[in-house]
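Trainee: Could you take me through one helix of this model in close detail? After that, I would like to see how other helices in the chain are placed.

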Amino acid sequence: TSFGFKQVQEDEKSKLVGGVFSSVASSYDLMNDMMSAGLHRLWKDRLVSKLHPFPGMKHLDVAGGTGDVAFRVLESITSVSDRALQEGLSGIEDETKIFVCDINPNMLNVGKKRAVEKGLGEDCSLHWVEGDAEALSFADGSMDGYTIAFGIRNVTHIEKVLSEAYRVLKRGGRFLCLELSHVELPVFKQIYDYYSFSIIPAMGEFLAGDRDSYQYLVESIRRFPNQETFARMILDAGFQKVEYENLVGGVVAIHSGLKL
Ligand code: SAM
């Protein structure tokens, strides 16, 4: 490719990805909405509904800099604890902890800023942690849930991310991954290929002045393992009850697994 990513050495890849996201962070929300026609909001809603968040839960959202997933988890827990309060049960919501882990401080800053805008700046359930998905700083068996949305595609070693997810989860904890995936439906695939190879880089150039970053994102989708292969990798990491759901014909997929 003109961007020459395939030649990049593995150890340089994370630096490169960091650079891509630094330049993308400021226009991130706009681009997400433009590229997915707003659908990424519904996909994230779906991801969180599969998590079944509960008051008192310890949750880790990895590659979650913008806070998009964490805010939804918190909202879902708040609605559950409001119901509990109405029914005369209370107390445990104080122990809810939602950790947002991201390798890029610029992305975390986008998320923190958005927390303030949402009136969640003082919310003591939210914790912003700079860190690498491949080597998490959290203790073994410390989390009830783990989510990663549009994050695993960009890491250097997917296996390390999965084994870290497995390590930090408690027994019974759920792993959920939302990721751009593979479209196989014949005619839809042609339309999607045209959209991603021609329109997305052009949109990146026009809206964010950054064609190369968006070209890279499109290429990274093609290189990412397909739904079945990725499900196999999750199983190999030790998870059970592994399944996936395709959304919009496989444009995105939600994979899930349990640590039993
Ligand atoms: N989860 C958010 C969402 O869905 O809107 C952000 C997704 S964004 C496309 C990908 C994020 O992954 C970026 O914030 C980037 O900094 C982060 N990232 C990339 N490599 C990472 C790694 N090894 N560990 C943690 N975060 C990483």
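Mentor: What follows starts with one helix and then moves out to the rest of the chain.

Keep in mind that this is a predicted model. The helix to look at is H5, residues 105-117. H5 has 13 residues. From its first C-alpha to its last it reaches 18 Å, close to the 18 Å expected at 1.5 Å a residue.

Which residues of H5 are buried? They are Met107, Leu108, Val110, Gly111 and Ala115. Look down the axis of H5: these buried residues fall within an arc of 155°, so they line one face of the helix. Now turn to the other side of H5. There, Val116 and Glu117 are exposed. Follow the chain just past H5 and you come to Gly119, which takes a positive phi of about 80°.

Helix H6, residues 158-168, can be read the same way. Its buried residues are Val161, Leu162, Glu164, Ala165 and Val168. Note that a glutamate, Glu164, is on that list. Seen down the axis of H6, the buried residues fall within an arc of 160°, so they too line one face of their helix. What covers them? The cover includes three strands, E1 (58-62), E4 (143-149) and E5 (169-180). Helix H9 (227-236) is also part of the cover.

Next, a helix pair. H2 (residues 28-36) packs with H7 (residues 186-208) at an angle of about 145°. Their axes are 11 Å apart. The crossing of H2 and H7 is right-handed. On the H2 side, the residues that meet H7 are Leu30, Met31, Met34 and Met35. On the H7 side, Ile200, Met203, Leu207 and Ala208 meet them.

Step back to the whole protein chain. It has nine helices and seven strands. Of its 260 residues, 37% count as buried. Take the contacts between residues at least 6 apart in sequence: 73% of these join residues at least 24 apart.

Last, confidence. The mean pLDDT of the protein chain is 87, and 86% of its residues reach 70 or more. Over residues 1-11, though, the pLDDT is below 50. Beyond near neighbours in sequence, that stretch has nine contacts in the model. For the complex, the predictor gives an ipTM of 0.99 and a pTM of 0.87.

Conventions
Residues are numbered from 1 along each chain as its sequence is written. This is a predicted model: local features need pLDDT of at least 70, side-chain atom pairs count only at pLDDT 80 or more; totals for chains, interfaces and linings use all residues. Helices (H or I, at least four residues) and strands (E, at least two) are DSSP runs, numbered from the N terminus. The expected span of a helix is 1.5 Å times one less than its number of residues. A residue is buried if 20 or more other C-beta atoms lie within 10 Å of its own, exposed if 12 or fewer, and partly exposed in between; C-beta atoms are placed from the backbone. The arc is that of the directions from the helix axis to the C-beta atoms. pLDDT is the predictor's confidence in each residue, from 0 to 100. Two residues are in contact if their C-beta atoms, placed from the backbone, lie within 7 Å. Axes are lines fitted to C-alpha atoms, for helices over the stretch in contact, and angles run from 0 to 180 degrees between N-to-C directions. A crossing is left-handed if the near helix is turned anticlockwise from the far one by less than a right angle, and right-handed if clockwise.
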